[in-house]
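Here is a short note for your first look at this model. Keep the structure open and check each point as you read.

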Amino acid sequence: MALTDREAIGELKARYCRFLDLKRWDDWRDLFTDDFVLDTTEAGGPSVICGRDAAVSMVRGSIETVKTAHHVHAGEIAISGDTATGIWAMQDRLIFDGGAGMIGYGHYTETYVKQDGEWKIARSKLTRLMVETTGPGA
C-alpha cells in the first residue's frame, strides 16, 4: 500500500526522532536535503546552521554522549505539490553525564521537499515553551 504524502511526512518525522535518539548519524543525515537549514536559536542553540553536514556535526557534538528521547505529535501538515510545511508539538528528555537533565516542551516548524519521490526535511526551527531541569542541582 502506498503512503499518502501526509503519512510519508509523518513517518519521516518519526524516523527523525528514532535515528536521533539511537545516534544513527548516517541514517539521520539522510533525512535532510543537502542545503538543510537548522535554526535552534530561540531554543538556546547556536546561530542558524546551513548545510546538512554542518547541522549533523553540531547536533552530534552536542548530544553524542547524552541519553535522549524525542517525541513529536499533533502534526499540522500543509502540502503544495513537492513542498510542504509542518508544525509538530514536541517533548524531549535529555540526561547528561553526571545525571543532570532536562525536559523540554515546544515545537518544530519545518519545510519539506520531495526529491526523487522521497520527502526530505529542508528547514527545521526548534522553539521551546518551557524547560524543566532534573537531577543533581535542579
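1. Start with the largest pocket of this predicted model. A total of 23 residues line the largest pocket. Nearest its centre lie Thr40, Ile63, Leu94, Leu126 and Arg128. Find these five on screen before you go on.

2. Which elements give two or more residues to that lining? They are two helices, α1 (5–21) and α3 (52–63), and three strands, β4 (83–95), β5 (101–115) and β6 (118–134).

3. Now look at volume and character. The largest pocket holds about 450 Å³ of space. Its lining has 14 nonpolar residues, 6 polar ones and 3 charged ones.

4. Turn to the sheet. It is open and has 6 strands. Read across it, and the order is β2-β1-β6-β5-β4-β3. The pairing is mixed. At the edges sit β2 (49–50) and β3 (67–80), each pairing on one side only.

5. As background, strands in a sheet pair through backbone hydrogen bonds, and they do so either parallel or antiparallel. Here is one pair to trace. Strand β1 (residues 32–39) runs parallel to β6, and 4 bridges join them. Phe32 stands opposite Ile121 in β6.

6. Where do the helices lie against the strands? α3 packs on the sheet and touches β1, β2, β3 and β4. The direction of α3 makes about 50 degrees with that of β1. α1 lies across β1, β3, β4, β5 and β6. Against β3, α1 runs at about 160 degrees.

7. Last, tie the points together. α1 and α3 each give two or more residues to the pocket lining. α1 also lies across β4, β5 and β6, and these strands contribute to that lining too.

Note on methods: Residues numbered from 1 in each chain as written. Predicted model: local features only at pLDDT ≥ 70, side-chain atom pairs only at ≥ 80, totals over all residues. Heavy atoms only, no water. 1 Å grid on protein atoms, 1.4 Å probe; cavity = no way out; pocket = protein on both sides within 12 Å on 5 of 7 lines; lining within 4 Å. Points joined across faces, edges and corners; volume = space filled by probe spheres on them. Nonpolar A, V, L, I, M, F, W, Y, C, P; charged D, E, K, R; others polar. Pairing = 2+ DSSP bridges. Contact = heavy atoms within 4.5 Å. Axes fitted to C-alpha atoms, helices over the stretch in contact; angles between N-to-C directions.
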